[in-house]
Amino acid sequence: QVRLVESGGGSVQAGGSLRLSCTPSGRTFSRNAMGWFRQAPGKEREFVAAISGRAGTTYYADSVKGRFTISRDNAKNTVYLQMNSLKPEDTAVYYCAADSSPWEYTGTHYYTARSWDYWGQGTQVAVSS
């Protein structure tokens, strides 16, 4: 059974930083894209960032570009989301996602939640002003 386990969420003041981690169990995803989405109360789940499998190409939502960085450590089978200069509007539950396909897609493929096959349970991030 494949599970994605997120960690690193918490509460922080505006301008602060957090680093989220996602470690799959049950299989490795070193050749597969992985990503992060978030969902704020009363809103739809939205794309945050993704990193492709083979090329390691990164993609970001405009709202986080320049502040968030997605990376992966294949030796540890872990993907990270470094979040800097956090804003109150970043408050949400953050979900890790993994693609079962090893193919490299264009960026728009990763922006939609339907493109992803595995999901974590989510980790809460709260940013206060």
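In the predicted model, Phe68 of the E7 strand has Met83 in E8 as its bridge partner. The pairing to which this bridge belongs is antiparallel, and E7 and E8 are joined over six bridges. Further along the two strands, Arg72 stands opposite Val79 in E8. The hairpin that E7 and E8 form has four residues between the strands, and in this hairpin Asn77 adopts a positive phi near 55°.

E7 and E8 belong to an open sheet of four strands, arranged in the order E1-E3-E8-E7 with antiparallel pairing. The edges of this sheet are occupied by strand E1 (3-7) and strand E7 (68-73), each of which pairs on one side only. From one strand to the next, the twist averages 20°. Strand E8 (residues 78-83) is also paired with strand E3 (residues 18-25), to which it is joined in the antiparallel sense by five bridges. Within this pairing, Arg19 is placed opposite Gln82 in E8, while Cys22 stands opposite Val79 in E8. Val79 thus faces Cys22 in one pairing and Arg72 in the other. Burial in E8 is extensive, in that five of its six residues are buried and the strand is mostly covered.

The side chains of E7, by contrast, follow an alternating pattern: Phe68, Ile70 and Arg72 are directed to one face and are buried, whereas Thr69, Ser71 and Asp73 are directed to the other face and are not buried. The charged member of the buried set, Arg72, has no salt bridge, and the nearest side chain of opposite charge, that of Glu104, is 7.3 Å away; the cut-off for a salt bridge is 4 Å. Polar partners for Arg72 are instead found among backbone oxygens. A polar atom of its side chain lies 2.5 Å from the backbone oxygen of Phe29, and the side chain of Arg72 also reaches the backbone oxygen of Ser52, at 3.1 Å. Both Phe29 and Ser52 appear among the residues in contact with Arg72 when neighbours within four places in sequence are left aside; this set further includes Ser30, Asn32, Ala33, Met34, Ile51 and Gly53, together with Thr78 and Val79.

A further charged residue, Glu46, lies in strand E5 (residues 46-51). Glu46 is classed as partly exposed because its relative accessible area is 35%, a value that falls between the limits of 20% for buried and 50% for exposed residues. Apart from neighbours within four places in sequence, Glu46 is in contact with Phe37 and Arg38. With Arg38 there is a polar contact between the two side chains, at 2.6 Å. Glu46 and Ser101, which are 55 residues apart in sequence, are separated by 21 Å in space, from C-alpha to C-alpha. The two charged residues described here therefore differ in burial under the applied limits: Arg72 is buried, whereas Glu46 is partly exposed.

Key: Residues numbered from 1 in each chain as written. Predicted model: local features only at pLDDT ≥ 70, side-chain atom pairs only at ≥ 80, totals over all residues. Heavy atoms only, no water. Pairing = 2+ DSSP bridges. Axes fitted to C-alpha atoms, helices over the stretch in contact; angles between N-to-C directions. Buried < 20%, exposed > 50% of the residue type's maximum accessible area, 1.4 Å probe, protein only. Lys, Arg positive; Asp, Glu negative; His and termini not counted. Polar contact = N/O pair within 3.5 Å; in protein donor to acceptor, adjacent residues only side chain to side chain. Contact = heavy atoms within 4.5 Å.
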